[in-house]
Amino acid sequence: MKPTEILSSEHRVIEQVLDCLDKIIAATKHTGKLDTASATDAINFFRTFADQCHHGKEEAHLFPAMEAKGFSRESGPTGVMLAEHTQGRDYIRQMNAVLAGVAKGDCVALQQFAEAGQKYSELLRQHIQKEDHCLFSMADQAFTAAEHAALLAKFEKVEAEEMGAGTHEKFLGIAAALAKKFGVTVHAGHEHAVCHH
């Protein structure tokens with residue numbers, strides 16, 4: 001398995017939770033209320049699985065490896081991806097910041113949550129498309145078999161040491177529970193999203 005295949009399979013799980021976020025926002029617009037428990041689960045998933053784990057692997061390992069192969073951070077694809085990661089973190093912060101207000105019935109906070117959530121969903125879906133269809137194929141062609149293997153080992157280290165044993169599985173469980181609750185299809189590849197220790 002190539003390192004990009006692990007990242008791509010993680011994308012399918014992230015898209016699944018984005019589908020749930022879209023349904024949470026749609027229900028909010030319809031009812032004027034937010035399912036704060038599900039919203040909190042989604043935010044925690046995006047913050048830990050999508051950002052710390054998934055984006056963490058890209059930022060600490062994949063992107064520097066690509067840059068070492070001659071891809072420019074300033075004018076190349078990794079710089080664009082990094083900027084989008086930063087923008088995504090800002091939207092997560094915005095959603096999280098208004099949760100307390102939403103819980104108290106603040107209509108403005110509710111609107112702010114919906115807007116930040118919508119922007120996050122749109123950003124991440126476009127971001128995933130760029131990585132799946134452009135960046136990952138560039139990486140696949142740039143690395144030798146030995147370099148692919150070295151990256152895989154680094155990804156497994158992120159899972160085992162930085163995230164901690166069971167963290168990945170915990171968030172796959174949250175993704176599955178949200179999908180069940182909102183009637184969202186579990187994307188193919190979900191079962192391959194766990195790095196093998």
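**Core packing, cysteines and an internal cavity**

Leaving aside neighbours within four places in sequence, Phe46 is in contact (heavy atoms within 4.5 Å) with Ile14, Val17, Leu18, Leu21, Asp51, Ile92 and Tyr120. The model is predicted: local features need pLDDT of at least 70, side-chain atom pairs count only at pLDDT 80 or more, and totals for chains, interfaces and linings use all residues. Residues are numbered from 1 along each chain as its sequence is written, and side-chain values use heavy atoms, with hydrogens and water left out.

Phe46 is one of the residues with the most contacts inside the largest nonpolar core. The others are Ile14, Leu34, Phe45, Met95, Phe113 and Tyr120. This core has 39 residues. A nonpolar core is here a set of buried Ala, Val, Leu, Ile, Met, Phe, Trp, Tyr and Cys residues joined through side-chain atoms within 4.5 Å. Buried means under 20% relative accessible area, exposed means over 50%, and partly exposed lies in between (1.4 Å probe, protein chains only). The elements that give two or more residues to the core are helices H1 (3–31), H2 (36–68), H3 (77–97), H4 (99–103), H5 (107–142) and H7 (167–182). Helices are DSSP runs (H or I, at least four residues), as are strands (E, at least two), and both are numbered from the N terminus. H5 provides the largest share of the core, nine residues. Another core lies apart from it. That second core has 12 residues, including Phe136, Phe143, Leu151 and Phe155.

Individual positions fill in the picture. Val17 is found in helix H1. Its relative accessibility is 0%, so Val17 counts as buried. Beyond residues up to four places away in sequence, Val17 touches Ala42, Phe45, Phe46, Ala175 and Leu178. Ile43 sits in helix H2. Ile43 is also buried, with a relative accessible area of 2%. Outside its neighbours within four places in sequence, Ile43 is in contact with Ile92, Met95, Asn96, Leu99 and Phe113. Val17 and Ile43 are 26 residues apart in sequence, and their C-alpha atoms are 9.6 Å apart in space. By contrast, 34 Å separates the C-alpha atoms of Ile43 and Ala142, which are 99 residues apart along the chain.

Helix H7 contains Ile174. Ile174 counts as buried because its relative accessibility is 17%. With neighbours within four places in sequence set aside, Ile174 is in contact with Asp41 and Phe45. Its C-alpha atom lies 32 Å from that of Met138, 36 residues apart along the chain. His168 is in helix H7 as well. At 3% relative accessibility, His168 counts as buried. The C-alpha atoms of His168 and Asp106 are separated by 34 Å, with their positions 62 residues apart along the chain.

Cysteine pairing was examined next. A disulfide is a covalent bond between the sulfur atoms of two cysteines. The criterion is a pair of cysteine sulfur atoms within 2.5 Å. A search of the whole structure finds zero disulfides. Cys20 is thus in none, and the nearest cysteine sulfur, that of Cys53, is 18 Å away. Cys20 is buried, with a relative accessible area of 0%. Cys134 has 40% relative accessibility and so counts as partly exposed.

Internal space was searched on a 1 Å grid over the protein atoms alone. A cavity is a set of points where a 1.4 Å probe fits but cannot get out, and lining residues have an atom within 4 Å of a point. Grid points are joined across faces, edges and corners, and a volume is the space filled by probe spheres set on the points. The whole structure has one cavity of 30 Å³ or more. The largest cavity has a volume of about 30 Å³. Its lining consists of Asp51, His55, Glu84, His85, Gly88, Arg89, Ile92, Tyr120 and Leu124. H2, H3 and H5 each give two or more residues to this lining. H3 gives the most, with five residues. By class, the lining has three nonpolar, three polar and three charged residues. In this scheme Ala, Val, Leu, Ile, Met, Phe, Trp, Tyr, Cys and Pro count as nonpolar, Asp, Glu, Lys and Arg as charged, and the others, Gly among them, as polar. Asp51, Ile92 and Tyr120 from this lining are also contacts of Phe46.

Key: On a 1 Å grid over the protein atoms alone, a cavity is a set of points where a 1.4 Å probe fits but cannot get out, and a pocket is an open set with protein on both sides within 12 Å along at least five of seven lines; lining residues have an atom within 4 Å of a point.
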